[in-house]
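Student: I'd like to go through this two-chain model with you, one question at a time. Can we begin with where the chains meet?

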Amino acid sequence: MKKDILREANYRYNFDRDIYFNRKAKKAFSLEFVDDKSEEVLRQSIQEPTDGSAWKFYFNSDPSEGVKRVLEQVLG
Amino acid sequence: MMPERPVDERPIVNQLREEYFDLLPDIRRVVFQLEAEIRYHTLSTLHKLKHYEQLVVKSRVKECESALKSLRRRQEGGTFDPERPGIYSLTSLPDLAGVRVLVFPRGVLNEVEGELHTRFTDWTPDPVRDERGAVLAHKYFGKCFDVSSKIHAEYQVVPMLIGLYWDVEHSAIYKPTPTVKGKANSEPMKDLNAKVVRALLDFEAEFERFVQD
């Protein structure tokens with residue numbers, strides 16, 4: 001189950017924005033991305049290395065800079 | 001009230017609030033028209049109900065904050081794009097005006113659903129399904145062009161027991177306090193919700209068998 005994969009990787013769900021997020025990893029997955037992509041893609045995305053300096057958003061459609069800015073304010 | 005919005009989103013939210021109050025007279029007219037039509041088209045069923053059968057028509061105008069939240073949740077990531085403020089309109093929502101018909105038991109519900117479907121032939125079906133894909137409630141959306149070409153309306157024909165349960169559940173699950181929010185959509189709660197719905201449907205089915213004997 002995709003939810004179990006995310007839970008095991010310490011992702012929490014933001015009910016207001018419908019996204020899974022992990023502050024330590026600085027990654028966020030949209031509900032649409034999680035629904036549409038395979039478990040394999042989800043695992044790869046969770047494991048994908050980042051430099052951790054900025055949030056990385058996994059969306060079906062790339063979010064604009066403005067959307068990223070709003071979500072960064074929300075996620076802290 | 002909606003939680004505090006990030007600064008970048010506020011202009012869009014304010015613009016949509018303004019749109020809501022511009023649309024409100026139209027929404028009210030549509031609700032009034034749809035409710036009146038539905039009451040008229042269910043009148044023959046209402047007049048021949050047996051003493052244990054029930055048919056109740058309820059209507060509602062979607063509240064401003066609920067409409068804003070609903071529109072925002074339709075965007076990926078639940079976020080309005082501050083760089084594209086002009087692309088959002090509450091008129092894209094399918095349920096600014098809504099009428100719910102609560103019916104008991106199932107036999108009467110099927111009759112009402114058929115009568116209304118005959119009247120609203122060009123409305124789009126969007127049934128509410130359970131976790132197995134079975135239809136729990138009939139839902140349609142469309143427009144009442146006689147009174148407004150802008151507002152989409154929705155009508156539902158719902159088993160009464162489930163509809164009344166949803167009234168309580170909606171307040172508890174979908175409009176929770178912050179402390180409840182994180183727990184309300186948990187797997188145990190979803191499982192219990194499915195069991196309640198199943199029990200209500202089973203009760204209704206058994207009741208119908210009982211009265212037909």
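**Where the chains meet**

Tutor: Sure, and keep in mind that this is a predicted model. The contact takes 19 residues from chain A and 14 residues from chain B.

Student: Which element gives the most to the side of chain A that touches chain B?

Tutor: Start with the make-up of that side: by class, it has 8 nonpolar, 6 polar and 5 charged residues. The element that gives the most to it supplies 7 residues, and that element is H4(A).

Student: Which strands do the buried residues of H4(A) pack against?

Tutor: First, get the helix in view: H4(A) covers residues 65-75, and its buried residues are Val67(A), Lys68(A), Arg69(A), Val70(A), Leu71(A) and Val74(A). Charged names are on that list too, Lys68(A) and Arg69(A) among them. Look across from these buried residues and you'll find their packing partners in chain A, strand S3 (27-30) and strand S4 (56-58).

Student: Which residue takes a positive phi just after H4(A)?

Tutor: Follow the helix to its end, since H4(A) covers residues 65-75. The phi you're after is about 80°, and the residue just after the helix that takes it is Gly76(A).

**Chain A as a whole**

Student: What is the radius of gyration of chain A?

Tutor: Picture the chain first: it has 4 helices and 4 strands, in the order α-β-β-β-α-α-β-α along the sequence. The globule rule gives 11 Å for 76 residues, and chain A comes close to that, so it is as compact as a globular protein of that length, with a radius of gyration of 11 Å.

Student: How many bridges join S2(A) to S3(A)?

Tutor: Let's walk in from S1(A), residues 12-14, which runs antiparallel to S2(A), residues 19-22, with 3 bridges joining the two. Phe21(A) in S2(A) is the bridge partner of Arg12(A), and Phe21(A) also stands opposite Ala28(A) in S3(A). S2(A) and S3(A) pair in the antiparallel sense too, and their bridges number 4.

Student: Which residue in the turn between S2(A) and S3(A) has a positive phi?

Tutor: Don't mix it up with Asp18(A), which takes a positive phi near 55° in the hairpin of S1(A) and S2(A). The hairpin of S2(A) and S3(A) has 4 residues between the strands, and the one in the turn with a positive phi of about 55° is Lys26(A).

**Over to chain B**

Student: What percentage of the residues in chain B are buried?

Tutor: Chain B has 7 helices and 6 strands, and its C-alpha trace spans about 65 × 45 × 25 Å along the principal axes. Of its contacts with a separation of 6 or more, 70% are between residues 24 or more positions apart. Out of 213 residues, the buried share is 27%.

Student: Why does Val158(B) count as buried?

Tutor: Find it in strand S6 of chain B, residues 152-159. A residue needs 20 or more other C-beta atoms within 10 Å to be called buried. Val158(B) counts as buried because the number of its C-beta neighbours inside 10 Å is 23.

Student: How far apart in space are Val158(B) and Phe104(B)?

Tutor: Leaving aside neighbours within four places in sequence, Val158(B) is in contact with Arg100(B), Val101(B), Leu102(B), Ala137(B) and Gly163(B). As for Phe104(B), it sits 54 residues from Val158(B) in sequence, while the C-alpha to C-alpha distance is 8.8 Å.

Notes
Residues numbered from 1 in each chain as written. Chains lettered and ligands numbered in written order. Predicted model: local features only at pLDDT ≥ 70, side-chain atom pairs only at ≥ 80, totals over all residues. Buried ≥ 20, exposed ≤ 12 C-beta atoms within 10 Å, placed from the backbone. Contact = placed C-beta atoms within 7 Å. Nonpolar A, V, L, I, M, F, W, Y, C, P; charged D, E, K, R; others polar. Pairing = 2+ DSSP bridges. Rg over C-alpha atoms; globule rule 2.2 N^0.38 Å.
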